Amino acid sequence: MPVRKVDSARVRHSKLANRDMERLEGSASFQELLASIEASGGNEQPIRVRPVKDASEHDYEVVYGHRRLFACQLLKLPVKVLVEDGSDREVFEAMTRENLARQDLSAWELGVHFQRGLDAKWYSSQNRMAQALGISQSQVSRAIAVAALPAEVLQAFGDPRLIQYEWGAWLREELDKDREGVLGKARELAARQPALPASEVLAILCASRSAKKVKDPDLVLEVKGRVVGHVRLSGRG
């Protein structure tokens, strides 16, 4: 498909977006992407869009590339796009594959995204969805388990993107044992200022689990919006 430059203000974000757009601008990785796009005078890697006809203020809608579009909009720069039409389900699958290839979406973001696809009745089961996306059914179910955690538990972490895949199962076990007790702790943690690190929140909510299994989440290293590595803090000086 030929690459075009269009007015970024004429491109809208998709209702199917699998990123937490509310927290996007404050992230360090997005600020790095913003600086990179500003330095190069635009996005070097085009985003994919589809035409829209239901909104006079927009000509296109994002299929994938929400961060690049948002950066161009903030900088008031045109955005490079590839234009291809598609149904909502086709957009959902293209967006998912592109982000899974980048491996920079959190378990919670993916879980919310996967559940949206199931709620839309595009797939009869998690297994059918996994087959269509070319991923394991385990990845789908584990991500959805994180997204399905009670709001009180998600709020206890401050940013639900910090919750790792395996934590969803651990927290679900604790909720099954003592739901009201866990929710009570979660409410206290959510109100705490300053907030505790994610690993400490998990240790409090999962008091019956060995502390040795509770680890801080990886720090994700990104260059121009692409993950290039992970760093895990060992706790040693």
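User: What makes the meeting of Arg-97 and Glu-93 a salt bridge?

Analyst: This is a predicted model, and in it the side chains of Arg-97 and Glu-93 come to 3.6 Å, N to O. The cut-off is within 4 Å for a nitrogen of Lys or Arg and a carboxyl oxygen of Asp or Glu, so the pair at 3.6 Å counts. Arg-97 and Glu-93 sit four residues apart in helix H4, so about one helical turn separates them.

User: Why is Glu-93 called buried, and why is Arg-97 called partly exposed?

Analyst: Buried means under 20% relative accessible area, and exposed means over 50%. Glu-93 has 12%, so it's buried. Arg-97 has 39%, which falls in between, so it's partly exposed.

User: How do you know whether Lys-15 is buried or exposed?

Analyst: Same kind of check: Lys-15 has a relative accessible area of 60%, and the cut-off is over 50%, so Lys-15 is exposed. Its salt-bridge partner is Asp-88, at 3.6 Å, N to O. Lys-15 lies in the loop between E2 and helix H1, while Asp-88 is in helix H4, so the bridge ties together parts 73 residues apart in sequence. With 25%, Asp-88 is partly exposed.

User: What makes Arg-50 and Glu-61 a salt bridge?

Analyst: Their closest N and O atoms are 2.7 Å apart, and the limit is within 4 Å, so they pass. Arg-50 is in strand E3 and Glu-61 in strand E4, eleven residues apart. Both residues are buried. They also belong to a network of salt bridges that links Arg-12, Lys-15, Arg-50, Asp-54, Glu-61 and Asp-88.

User: Why is strand E4 described as largely enclosed?

Analyst: Just look at its residues: five of the five are buried, so the rest of the structure largely encloses E4. Strand E4 pairs with E2 in the parallel sense over two bridges, and with E3 in the antiparallel sense over four bridges. On the E2 side, Arg-12 has Glu-61 as its bridge partner; on the E3 side, Pro-51 stands opposite Tyr-60.

User: How do you know that the buried residues of H2 are on the same side?

Analyst: The buried ones are Ser-29, Phe-30, Leu-33, Leu-34, Ser-36 and Ile-37. They cover an arc of only 165° around the axis, which puts them on the same side of H2. The face turned away from that side carries the exposed residues Ala-28, Glu-38 and Ala-39.

Definitions and conventions
Residues are numbered from 1 along each chain as its sequence is written. This is a predicted model: local features need pLDDT of at least 70, side-chain atom pairs count only at pLDDT 80 or more; totals for chains, interfaces and linings use all residues. Side-chain values use heavy atoms; hydrogens and water are left out. Buried means under 20% relative accessible area, exposed over 50%, partly exposed in between (1.4 Å probe, protein chains only). Two strands pair if DSSP finds at least two bridges between them. The arc is that of the directions from the helix axis to the C-beta atoms.
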